[in-house]
Structures are given as C-alpha cells and as structure tokens.
Amino acid sequence: MRAPPASHPPRWLTGVEPEALVHHFLRHPPEHFTAFTCKSGMPGFWATFDLLTTANERIKASLQKIPGSRLLRRCLMWRTCFIGATTSEFCLLPQESPETLVLDMLKTWDKQSALLIVKDIPSAAPFLSESAQCLVEQIVAALARREFFMVEGQALAYLPIDFADEDEYLARLSAGRRRDIRRKLRSRRDLQIEVIVTGDNRLAEPAFLSELYEQYLEVYAQSAIHFDLLTLDFFQALLNDKSLNGRLFLYYREDTLIGHNLCFIHDGMLIDKYVGFRYPLAREYNLYFVSWMENLAFAKREGLRYYIAGWTDPAIKSYLGARFTKTRHAVYVKNPLLRLLLRPLSGYFAQDEAWGEEPPAIAGTEQ
C-alpha cells in the first residue's frame, strides 16, 4: 500500500529522509564533529576537513611524490564549518528567502575558520518538488553573489519503482549483467532474511546493538573515504525510535548474522541509509547484490515510488541499473588570495569516476 502523505508541512523543502533522523544527528553527531542549528533551522557542523578527501586519484598520487608530503597533508587539514548534515541526502533548506538563508549561514560561521562549505546542494533531482528545485536555484545564485564557488559533488543513486517484478527489472540490463547478477543471486537460497521495524524490543538489547554496530565499523574500516564515523549512541537512538518508520533487513547464514541494511520509508520512497557486513561471509554470499534486490522487492510490495540508494559505490550501483542525480558543494574561503587561487582548482575535486560494465569489488558505506 502506498505510504500516506506527511500530516504536516516539512521543515526543510529539500529534505528526503524523516526529519527525526536529522535530529538524532544533531543530538549524537559523528566522532569529533560539533553539530549546530542555524537561526533559520538549517543544521550544520564543525569538523576538521582534509582538503584532499574528495580529490581525484591523480592529484593524490602527484602530492605523494613531493618531498615532505606528510607535512603537506597535515597542512591541508582545515577546521571547517559545514552547512548540512552527513545523515541527509541533500542540504536542508527551509522555506525562506535565499538572501536570508545565505546571510544566516555567514552569521553562523562568523569567519571563525578558513572554510565555509554548503554541502550536497541538489541538482534537478526528480523526486524533489518544483518549489524545492526553485529554492535551490535561487540559493545557488545568492551564494554566487557572495563569492562562493561551486565544487562538483557526489552522485546520488536512485531508482523509480516502475517495473512489475524482478524479471522485468533485470530485463532492462545487458545480457552479460543479467547472467552475472542472477548467478550472484543464487546465494539467496542459502540465507534467511528477516525484516524488523525500528523500535522493536530486540533493538534495545545491548548485545544485539553492539553486533550491528561492529558490522557497521567493518564496512567503515574498508571504505575509501573516512569522514564521518557515526557513534554507537547515534545508532542506539535511531534503531529505538518508533517514529522513524525504519526497516532493518537482517541477513543470516544459519545462525550467523552476516549483514544488515537500515532503510526508512518516507514520502513514498525507500531510503537506504546504513549497512553493516561481516566479512568475508558477506562477500562470499554476494550480500550487496542480494540486499539490493530485496530492497527493490520491498519497495515494490509497499507501493513506493522511488528507491534512494545513497552516495557510495557508484560503479557497482550503475552496474545494478541505478540512475544518478548530481550534487554541488558551495565553498567560501575566508582569505581573498586563497579564494582566488582555489577557485580554478575546483574541477579537480569531488568527481565520481566513469562507471563501467564490469562489477567492481564491493566497498564503501551507505551515506
């Protein structure tokens, strides 16, 4: 059955996920983050930011060849004010005038660090409303007038739920991919799959919660980018919040939990947020592929419009048939000279590489 519409207007026009998810981020921010809320209601955080976090591999390889590269890397770690949240798909903009919002960002930052970054500004996302898209473009123009420059962001993967069943979905892929995915999906017959709702009594058990968090850490440890390390307190609050309408997909091999996937139902969408895997069993049973298809089947049964699949692993998501919508980051550098120098280099950062036909190794976290 299709999810009912929200009973009250959303606080943020550009919000995709349940608002309570962001409130948990503000109460339990990632390690070494300091979260805040602007006067207008926009969430944000302070963190030390490695300027090479999203640089392309060519830039990183070149810098490693320079004598004293370790010292140089330390010099590129800047205390930064971010407008946005790492738990939201897009920056969260309330219905205010663009100039008011930009002034609020600047006043909150108050030149207390070298960098101000407005993260994950959407670009023509089909699941955002027309009023949200209009506000976004007005914000981009207002930021440009204040001498922010734009950096290309990551691509958010999504899928319309416009297919009758799994066979019709797979029929849209190439013959080679269909054969490969079906071969990987054979492992489903060896797995037991359970789905429980956030707020279930089992999620209050410390041992079970600890097991889930350890699996999240396993995925985080092998991720290519280490930025926001979510805390056990955050997951405890999230998993025990009955209001979130979350679904925890649990994957067992006999009596062993080999992985899980936490998703949320909101505004007619299934939003895939966090995964945890027990390696090497998760790879052995092709859990990434299995969980992808289980999520699509669930979204279809629930009558949802979209599956929002997250930021990471664009190559494997493209291989599985995902579509993508790009984002941008707006960057303001306090020092005018540095601002002038960094603007031309913006094209070297935050570019997702081309996605090929061959399935890559499974890596990364859901964000």
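The paragraphs below lead through a predicted model, beginning with its sheet and ending with a cavity.

The sheet is open and has 11 strands, which follow one another in the order E1-E2-E3-E4-E11-E5-E10-E9-E8-E7-E6, and the pairing among them is mixed. At the edges stand strand E1, residues 34–37, and strand E6, residues 192–197; each has a single partner strand, so one side of each is left without a neighbour in the sheet. From one strand to the next the twist averages 30°. As a general point, the strands of a sheet pair through backbone hydrogen bonds, and this pairing may be either parallel or antiparallel.

Starting from the edge at E1, the reader comes to a hairpin that E1 forms with E2, with five residues between the two strands, and in the turn glycine 41 has a positive phi of about 105°. The two strands of this hairpin, E1 and E2 (residues 43–50), pair in the antiparallel sense over four bridges. Two of the residue pairs can be followed by name: threonine 37 has proline 43 in E2 as its bridge partner, while threonine 34 stands opposite tryptophan 46, which also belongs to E2. On its way into the sheet, E2 pairs in the antiparallel sense with strand E3 (residues 77–83) over seven bridges, and here the bridge partner of threonine 48 is arginine 79 in E3. Strand E2 is mostly covered, since seven of its eight residues are buried.

Which residues does arginine 11 touch, when residues up to four places away in sequence are not counted? They are Glu19, His23, Thr37, Gly41 and Pro94, and among these Gly41 is the glycine already met in the turn of the hairpin between E1 and E2. Arginine 11 itself lies in the segment before helix H1 (19–27). With a relative accessible area of 39%, arginine 11 is partly exposed, as it falls between the cut-offs of under 20% for buried and over 50% for exposed. Arginine 11 and leucine 92 are 81 residues apart in sequence, yet their C-alpha atoms are 8.7 Å apart in space.

Toward the other end of the strand order, helix H11 (residues 287–301) lies across strands E5 (149–160), E6, E7 (246–253), E8 (256–266), E9 (269–277) and E10 (306–310), and the helix runs at about 140° to E7. Another helix, H9, has the buried residues Phe234, Phe235, Ala237, Leu238 and Leu239, and what covers them includes H1, H8, E7, E8 and E9.

Two of these H9 residues, Phe235 and Leu239, also appear in the lining of a cavity. The model has two cavities of 30 Å³ or more, and the second largest holds about 60 Å³ of space. Its lining is made up of Leu212, Tyr213, Tyr216, Phe235, Leu239, His260 and Leu262, and the elements that give two or more residues to it are helix H8 (206–221), helix H9 (232–239) and strand E8. Helix H8 gives the most to this lining, with three residues. By class, the lining of the second largest cavity has six nonpolar residues and one polar residue, with no charged residues.

Key
Residues are numbered from 1 along each chain as its sequence is written. This is a predicted model: local features need pLDDT of at least 70, side-chain atom pairs count only at pLDDT 80 or more; totals for chains, interfaces and linings use all residues. Side-chain values use heavy atoms; hydrogens and water are left out. Two strands pair if DSSP finds at least two bridges between them. Axes are lines fitted to C-alpha atoms, for helices over the stretch in contact, and angles run from 0 to 180 degrees between N-to-C directions. Contact means heavy atoms within 4.5 Å. On a 1 Å grid over the protein atoms alone, a cavity is a set of points where a 1.4 Å probe fits but cannot get out, and a pocket is an open set with protein on both sides within 12 Å along at least five of seven lines; lining residues have an atom within 4 Å of a point. Grid points are joined across faces, edges and corners, and a volume is the space filled by probe spheres set on the points. Ala, Val, Leu, Ile, Met, Phe, Trp, Tyr, Cys and Pro count as nonpolar, Asp, Glu, Lys and Arg as charged, and the others, Gly among them, as polar. Buried means under 20% relative accessible area, exposed over 50%, partly exposed in between (1.4 Å probe, protein chains only).
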